[in-house]
Amino acid sequence: MSGKPFFSVELVPRDPLWKTSLMSVISERFGFDGLWVSDHFFNRNVFLTLSEIARRTEKIFLGPAVVNPYLHHPVTIAQMVATLHEIAFDRVRLAVGAGDNISLGRVGLKRDKPVERVAECVKTVRDLLSGNAGPELRLDIPALFRTPIFVGAQGRRMLELAGEVADGVLVNWSNLDRLRESSKLLAHRLSRSESFTLGAHLIVSIHEDSAKARKTAVPFAAYLMSGSSEGLLDSLGVSPELRGEVAKCLASFDWERLYNISRGDWVDYFSVWGTPEKLEEHVTSVLALGYNEIVFGGPLGPRPYTAIRTISRIIRRLGREYGGG
């Protein structure tokens, strides 16, 4: 890998808006290059949150990660992205994905043909933002933008789609073996374009007390686990019964029950938790696989502010090592 890697942080807009905005300002001051805000219907609205963050920050790149075409129509996504550009010109990015079955199911939506729906969404949004959607489907906004569009991906077909239609990919794995497989799958795309962003979206929870870090990571790892294939879960020793119990806990927000049944290695597979030293070692390994963006995804840790400050020290060291600065 050559050049300084791009380091981003993901904020989850579950806290009051002023607090999330404050965290964005802190992230910028601590030297992060980018900021993603996650999108779940039960949290605060992702684009309203981003508009507030855009007004509070000056340099950091920002965008939603990941919005899906089931909850948001592609035309609406393009409209919101174009509007956000007026607040944070030339700092806006977009990540599109298929969402997760549990969240979509709770609002009565079926996750049908995910690859096709994401492909259609990327094309529609790009055409609208570039003015190529045709006279009947256009945005009445004078300035048009070349917004980098990412695809959030885990499975092979979605990874391949990202390589075909997107400017970058956010690989939603924390496990090194899965990240290695994903980078190999996209090797042909990377060889064709130096501008393609190969991003690793890590579920991170750090604390000097590893037990506290693990407990904080459990709900986030559980969402990823519940959306994974039966074949993968069988290989990890996750029984159908446990998967069903975890899904029930997530649907009812029964965190205590979830913690009690979260024994086993699956939490390690779907997240990076533990001490800051463990995280730095893990990120170094991910960079060695050729990833040029690292997204430090929520929950970050039991104390998010302290975690961001600690991670900022890690990225400064790694930035100097890989960027020569």
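Two strands are said to pair if DSSP finds at least two bridges between them, and strands (E, at least two residues) and helices (H or I, at least four) are DSSP runs numbered from the N terminus. By this criterion, strand β7 is joined to strand β9 (residues 293-300) by six bridges, and the two run parallel. The structure is a predicted model, in which local features need pLDDT of at least 70 and side-chain atom pairs count only at pLDDT 80 or more, while totals for chains, interfaces and linings use all residues. Residues are numbered from 1 along each chain as its sequence is written, and side-chain values use heavy atoms, with hydrogens and water left out.

Strand β7 also pairs in the parallel sense with β6 (residues 168-171), over four bridges, and with β8 (residues 272-274), over three. Individual residues mark these contacts: A200 of β7 stands opposite V171, whereas S205 has W273 as its bridge partner in β8 and stands opposite L300 in β9.

In a regular strand, side chains alternate between the two faces of the sheet. Both faces of β7 are covered, with T197, G199, H201, I203 and S205 buried on one side and L198, A200, L202, V204 and I206 buried on the other. Here buried means under 20% relative accessible area, exposed means over 50%, and partly exposed lies in between (1.4 Å probe, protein chains only). Because 10 of the 10 residues of β7 (residues 197-206) are buried, the strand is largely enclosed by the rest of the structure.

W273, the partner of S205 in β8, has K278 over its face, at 4.4 Å from the ring centre. Similarly, the charged end of R178 sits over the ring of W173, 5.2 Å from its centre. Such a contact requires NZ of Lys or CZ of Arg within 6 Å of the ring centre and within 35 degrees of the ring normal.

Aromatic rings also meet one another. Rings of Phe, Tyr and Trp (its six-membered ring) pair if their centres lie within 6.5 Å; planes under 30 degrees apart count as stacked, over 60 as edge-to-face and the rest as tilted. The whole structure holds 11 aromatic pairs. One of them, F6 with F61, is edge-to-face, at 6.0 Å centre to centre and 65° between the planes. This pair links distant parts of the chain, since F6 lies in strand β1 and F61 in strand β3 (residues 61-64), 55 residues apart. F6 counts as partly exposed at 23% relative accessibility, and F61 is partly exposed at 32%. Elsewhere, F41, F42, F253 and W255 form one aromatic cluster.
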